Amino acid sequence: NVAMVEGGRVAADQQLGPLFADHRGRIDLAALAVLFDHLGGLPFFRSGPNGSPCVQARLAMSMQGRVGVDDRVTGTAELMMHDDGFGSTRVDLVTSTGRLCCTGTARNVAVGRSFDAHPAEPRGAEPTPSGAYTHGVELPPAIEPSLTGREIVEQIANGIRPAGPIADLLNGRVELVDYDRAAGVRFLITTEPWMGNIFGTMHGGVIAAIAAQACSFAGQANAAAGADYQLGDLAIGFLRSPA
């Protein structure tokens, strides 16, 4: 739900649920990336007389504490500065109790695209039936504290442990990659039309969610047995718009 608020700001909210939980049954930064990106572009878009077609060139997100699985997150975005070609927008997301849970900025770039230049397709549609965000999706089983992070990711890669609802939503598949001093992760995605934006290319928020989830798995892969972790910061630069 999107609404205009005073002072030229834009507000929107997102109902979370088990569908957006990770392999630990938690809401992490990846689950908020689409809302953050969506809000980050709206104030710059409405700054033009007829709307300024734009994309985000960069997102910088910082998580502040935990978010409940069934919480409802509300975000506000304010255009801090802009000219005809570029803008900088601040985005804040708060929980239902009013606690700031994610903050950061979006770098907006005007583009010479037409919304009508791409063939019609079911992009931006809901990927699941109505109500599936809070019903019919099971949280993953609890992780045994004796398992190292590498063992957890190995189990996910081998199909022994579920990758988590948000990884399934993104059509993700996990592979473990060994480096000299650390364990790495490859997160492979099969895209679908609902992941698109109004231009018919990949939505930046979905790309950010994919990158954030890959970083989360990498953090898990290098965690000691019983250790907790959270993806605290994500800065992502967009170089082009993939199909």
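1. Quick definition before we start: helix axes are lines fitted to C-alpha atoms over the stretch in contact, with angles from 0 to 180 degrees between N-to-C directions. Helices are DSSP runs (H or I, at least four residues), numbered from the N terminus.

2. Keep in mind that this is a predicted model, where local features need pLDDT of at least 70, side-chain atom pairs count only at pLDDT 80 or more, and totals for chains, interfaces and linings use all residues. Residues are numbered from 1 along each chain as its sequence is written, and side-chain values use heavy atoms, leaving out hydrogens and water.

3. Look at helix H1 (residues 33–45) and H4 first: their axes come within 8 Å and cross at roughly 145 degrees. On the H1 side, Ala33, Val34 and Asp37 make the contact, and on the H4 side Gly204, Gly205, Val206, Ala208 and Ala209 do (contact means heavy atoms within 4.5 Å). That gives five nonpolar, two polar and one charged residues; Ala, Val, Leu, Ile, Met, Phe, Trp, Tyr, Cys and Pro count as nonpolar, Asp, Glu, Lys and Arg as charged, and the others, Gly among them, as polar.

4. Now helix H2 (residues 149–157) against helix H4 (residues 204–221): the axes come within 6 Å and cross at roughly 130 degrees. The two are therefore oblique to each other (not under 35, over 145 or 65 to 115 degrees). Gly149, Arg150, Ile152, Val153 and Ile156 of H2 meet Phe217, Gln220 and Ala221 of H4.

5. One more spot to click on: 17 residues line the second largest pocket, and Arg24, Ile143, Gln220, Ala227 and Asp228 lie nearest its centre. By class, this lining has nine nonpolar, four polar and four charged residues. A pocket here is an open set of points on a 1 Å grid over the protein atoms alone, where a 1.4 Å probe fits, with protein on both sides within 12 Å along at least five of seven lines; lining residues have an atom within 4 Å of a point.
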